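Biologist: I am new to this structure and would be glad of a close look at one part of it, followed outward to whatever it leads to. Could you take me through it slowly, giving the cut-offs for the terms as you go?

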Amino acid sequence: MTWTGGCLCGAVRWESEAPPITTRTCWCRDCQYLGAGSGTVGACFRTAAFKVVGGMTDFASIADSGNRMHRRFCSTCGTPLFSEAEARPHLIFVRVGTFDDPNRASPAMTIWTSSAPRWACIDAELPRVEQQPPPAA
Ligand SMILES: [Zn+2]
Ligand SMILES: [Zn+2]
């Protein structure tokens with residue numbers, strides 16, 4: 001079954017023929033900017049089965065992990081959609097808020113908990129990693 005989503009204004013649409021490999025909540029400092037104070041929830045898809053249409057802005061930066069990252073936003077409404085590490089071009093992390101149905105993915109792990117503010121709500125049932133876990137396969 002196809003997985004679909006897009007930004008708030010509808011200018012960007014994405015789809016994947018394959019399900020996500022994993023979904024994680026991330027509390028790294030960069031994600032707190034993107035998540036407006038909260039962490040972000042990202043589902044990791046394989047780029048080989050992934051398609052995007054629409055105009056986006058790309059912001060490149062070096063992550064806490066040392067990876068050079070590209071984050072893409074809708075150029076019209078500013079919704080954060082994707083993050084990609086140059087070291088792993090076969091994977092794309094998709095913000096779960098952009099799913100047409102966010103219930104289709106749920107986090108399996110919380111990462112970068114060492115950077116979370118003291119008031120962060122972190123799911124006690126899920127495994128936690130203080131910093132960056134090993135890359136997804
Ligand atoms: Zn938009
Ligand atoms: Zn993060």
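Modeller: Let us start at A63, which is found in the loop between β6 (56-62) and β7; strands here are DSSP runs of E with at least two residues, helices runs of H or I with at least four, both numbered from the N terminus. The model is a predicted one, in which local features need pLDDT of at least 70 and side-chain atom pairs count only at pLDDT 80 or more, while totals for chains, interfaces and linings use all residues. Residues are numbered from 1 along each chain as its sequence is written, chains are lettered from A and ligands numbered from 1 in the order in which they are written, and side-chain values use heavy atoms, with hydrogens and water left out.

A63 has a relative accessibility of 14% and so counts as buried, a word used for values under 20%, with exposed meaning over 50% and partly exposed what lies in between (1.4 Å probe, protein chains only). Leaving aside neighbours within four places in sequence, A63 is in contact with D30 and M69, where contact means heavy atoms within 4.5 Å. Between A63 and L91 there are 16 Å in space, C-alpha to C-alpha, and 28 residues in sequence.

The strand that follows the loop of A63 leads to a metal site, since C74 in β7 (residues 68-74) and C9, in the loop between β1 (3-6) and β2 (13-16), are 65 residues apart and link distant parts of the chain. Both belong to the zinc ion (ligand 1), whose protein donors are the SG atoms of C7, C9, C74 and C77, at 2.3 to 2.4 Å; donors are N, O and S atoms within 2.8 Å of the metal (3.2 Å for Na, K and Ca), and because water is not among the atoms, sites may look incomplete. The angles between these four donor atoms run from 106 to 114 degrees, which makes the arrangement tetrahedral, a term that requires all angles to lie between 85 and 135 degrees. At this site C74 is buried at 3% relative accessibility, whereas C9, at 40%, is partly exposed.

A second zinc ion (ligand 2) has the SG atoms of C26, C28 and C31 as its protein donors, at 2.1 to 2.3 Å, with the spacing C-x1-C-x2-C along the chain. C26 is buried at 10% relative accessible area, and C28 is likewise buried, at 8%.

How values were computed:
Four donors count as tetrahedral if all angles lie between 85 and 135 degrees; four count as square planar and six as octahedral if opposite donors are over 155 degrees apart and all others between 65 and 115; anything else is irregular.
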